[in-house]
Amino acid sequence: MKLPPVLIGIPLLVALLTWLALHAVNIDAGQYDHALAALEQFTKAENALHRDVLAARIGILRNYDPLVREADVLDSSLEQLRQTNAADPDTMAAIDRVAASVAGEERLVEQFKSYNALLQNSLAYFGLFSSELGDADRTGRLAPAVSRLAAAMLRFTLDTSPATADEVKVQLDEFAGQFPPADNAGKVQALLAHGRLLHHILPETDNLLRTLALLPPRQDEDDVRSLILGHEAASRVTAHRFRSVLYLISLLLVALLLYLGLQLRMRAAMLRRRAAFEHAIIAASMHILQAGHHDFDAAVERTLGDMAEFLGSDRSYFLLSDSPARMVVWSRPGMSFPAGWPEQAPALATRFNPVTEGVIHVSAVTRLPRGPDRDLCERFGLKGWACAWSLDQDGSRALLGFDALRHAYRVNPAGELSLLRMALDTVLNAFRRQMIEQDKELLETRLQQARRMEIIGALASGVAHNFNNIIGAILGYAEMAEAQSPPDGRIARNFEEIRRAGQRARELVGQILTFGRRRDVHREPVSVGAAVTEAVSLLHASLPPGTALIIHETPQEAVVLAEPVQLQQLIFNLCTNAAQAMNGHGDIVVETEVHELPEGRSLSHGYLRPGRYVCISVADSGPGIDDATLGRIFEPFVTTRANGNGLGLTTVREVVREYGGAMNVQSAQRQGSRFEAWLPCVAAPESALAGETRQLQRGHGETVLVVNDNRTQLLRDEEILAVLGYEPVGFTRADDALASCRMAPERFSAAVVGRLVPAGEATAFVTELHRILPGLPVVVAMGSVEQVDAETLLSAGSFEVVSQPFVPAEMAAALARALAGSGQDSPQIVAAGEDPRARP
């Protein structure tokens, strides 16, 4: 776990303060004090030693114990000095020199002690014998001689100069000559012996005293004292410096504590303001949530005002560049918004922070460097500015801004300004919630409309199914009559028009039957020019009289892979939408171009990969489309007309998407609109460009098995097949047809399977039929493609699929292809009207 820097710094600071405190105390001062005390003790012991030596010399010292103690004190003082100054080589050298001097002095003292002991002993005996001899001979010659000798000896004890010594020697010699050994000979001899000894010892003893007294002052001792005092002074100076540093650090720590206290106080105040701002935001959120649809903007404006009052702002606003765009503003009385503001706020926010979203805070505009940003702020009268903005994945941008016009901001950016993003999310979520509720209401309305459309679709499907049977009969009899009519005659042309009208009616019924359901459509190369011509022929009858339709020439290579009816419906819907936008007066321009895109291109509603495309454009001279409507123009059920259903353009966009294309819309107010449908361009076969002569492919008497559970429909199918040159054999029950195949397997050349109830019966019948007669080609005629599972039919063995009721031309072509391809190893599924040569 990584420790914070503060936790690491605290032990280091404690260690530093401890180190400074130890050095500030001057722990070496005690050592130096002990050294000076030892040195002082040494000096006192040395002086005492000299005093006691003199005392011993004059005989007032009873014993030599004080001398011994003082010598020991000298030695112990020197040892103590060595211990306290062991780290200083200079001091140790001086101490060693002092110790050598003391050792010499101690030797002299020891020698003095020996001489002085003899001296004092001889003096005592000399005095004793002098007294005894004087007392024994008070009237004779001996007593005066002893007195003279004693006086001379007394002077000699006081003055041991050579003259006095010679005088004592003369007195001793005279005394020895005057008094030979006789009576009291022992005492006389003892007196003379001690006198001669004193004559010898006294000068020696006094010489030792003089030597001790005349010893030069010890410079080494002064050096030791000087060194110790110097180290002590240096130690005191160092301690003083450490105390000064410790004092400064203490002042810094006090200042730091004061600063931290102020920071904590400011932090507490900031937290209180932050909590108050959070409570304000929460209260505003609750207020917005409780607001209805009608007073929603008023609730948001009140929320902006509360937050602006809290921040000390003069203006506040919320912008949402969604579809549709939203803007709510608030300002103090007398402080309106200038032109262009706050619309320019997102651009200014992008200039300050072009990469990421977040919070932008300009405490004082005057502190900004001179440049476009400051000029823009001053242009709109800003003294301070704060905003929070966000960017969604769909590209919509939301911004919550606050303007200070009277003074700069006095808030803490790390405090309440950091909550601006929270405030933005609160307002933005409120708007999102309102839009979701509006979308919910819209979806509920659309759901009700969809349910009504479902009911209408079910009704239309039932009616269309009956019409489909009627139209099938019309097409069948019209084609048979056309085949029996003389070619190039008026009757043949009439039958041709009847057949075309019936074909369009059947396609329309197919569109009604598949309304609201997705289906797999058959696509083929279709000439856009032919689709435009067909759509225009239908438009002329439905356009208002004041609408002019201008058709530009279509390039011959404009061919797309599509279902012809869907392509015609696409052009028809675009032109109808343009006519309705112009309210019956104006020009509709239809133009087709082929473009080669070397690289991808983004359109207003989609993206195109590199390739070759056909662009079908429909332009009108209407009033144009506003931005709010333009963003939702392709959404289902979105319409600007009271009687519109909002499905026309939605169908167009879905068809274009299915074909792998994209839509591009260009519109401006009072300048009209232009819708472009970009579809992938394909290579066109000759049939798509030039068309083919329609001619029925007749049979040659082949026997065809026909199955349909509707007897009336079966009879009509048999009649059509007979006209086409086949010999039909019909069955209303699948079991009877299978039994006939088992009895005569070689009888039938092909099979046509029509309506069987239930719907899955046809698939089961085809499967069993393919098992009995694997090589028999089967054509399935169904009411709609959705009733057929292509994979199931493929595995079952069917060859083609045509519509029911079938058209003679389609059935003739299907049977011709089936019989021609009966030798293939595997069957195939071909939708009605498909040319197998167009398959890759």
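Which residues have the most contacts inside the largest nonpolar core? Keep that in mind while you get set up.

This is a predicted model, so local features need pLDDT of at least 70 and side-chain atom pairs count only at pLDDT 80 or more, while totals for chains, interfaces and linings use all residues. Residues are numbered from 1 along each chain as its sequence is written, and side-chain values use heavy atoms, with hydrogens and water left out.

**Stop 1: the whole chain.** Show everything as a cartoon. You're looking at 23 helices and 19 strands; these are DSSP runs numbered from the N terminus (helices are H or I, at least four residues; strands are E, at least two). Of the 840 residues, 41% are buried. Buried means under 20% relative accessible area, exposed over 50%, and partly exposed in between (1.4 Å probe, protein chains only).

**Stop 2: the core.** Now for that opening puzzle: select Leu567, Leu570, Ile571, Ile588 and Phe675, the residues with the most contacts inside the 40-residue core. A nonpolar core is a set of buried Ala, Val, Leu, Ile, Met, Phe, Trp, Tyr and Cys residues joined through side-chain atoms within 4.5 Å. Several elements each supply at least two of its residues, among them helix H14 (528-539), helix H15 (564-581) and strand S14 (672-680). H15 gives the largest share, seven residues.

Zoom in on Phe675. Leaving aside residues up to four places away in sequence, the residues Phe675 touches include Leu574, Ile616, Phe634 and Met663; a contact is heavy atoms within 4.5 Å.

Next, pick Val300, Met307, Leu419 and Leu428: they belong to a second, separate core of 29 residues.

**Stop 3: helix H11.** Select residues 372-379. The buried ones are Arg374, Leu376 and Cys377. They sit on the same side of H11 because they cover an arc of only 160° around the axis (taken from the directions from the helix axis to the C-beta atoms). Those buried residues pack against helix H10 (345-352). Spin round to the face turned away from the buried side and you'll meet exposed Pro372 and Arg379. Just after H11, click Gly381, which takes a positive phi of about 75°.

**Stop 4: a surface patch.** Last, turn on the surface and select Leu256, Leu257, Tyr259 and Leu260, which form a nonpolar patch. Leu260 is found in helix H8 (residues 219-290). Is Leu260 buried or partly exposed? Leu260 counts as partly exposed because its relative accessibility is 39%.

Note on methods
Patches are made of residues with over 30% relative accessible area and no salt bridge: like charges are joined within 9 Å, nonpolar side chains (Val, Leu, Ile, Met, Phe, Trp, Tyr) within 5 Å. Accessible areas come from the Shrake-Rupley method with a 1.4 Å probe; for residues, only the protein chains shown count as cover. A salt bridge is a side-chain nitrogen of Lys or Arg within 4 Å of a carboxyl oxygen of Asp or Glu.
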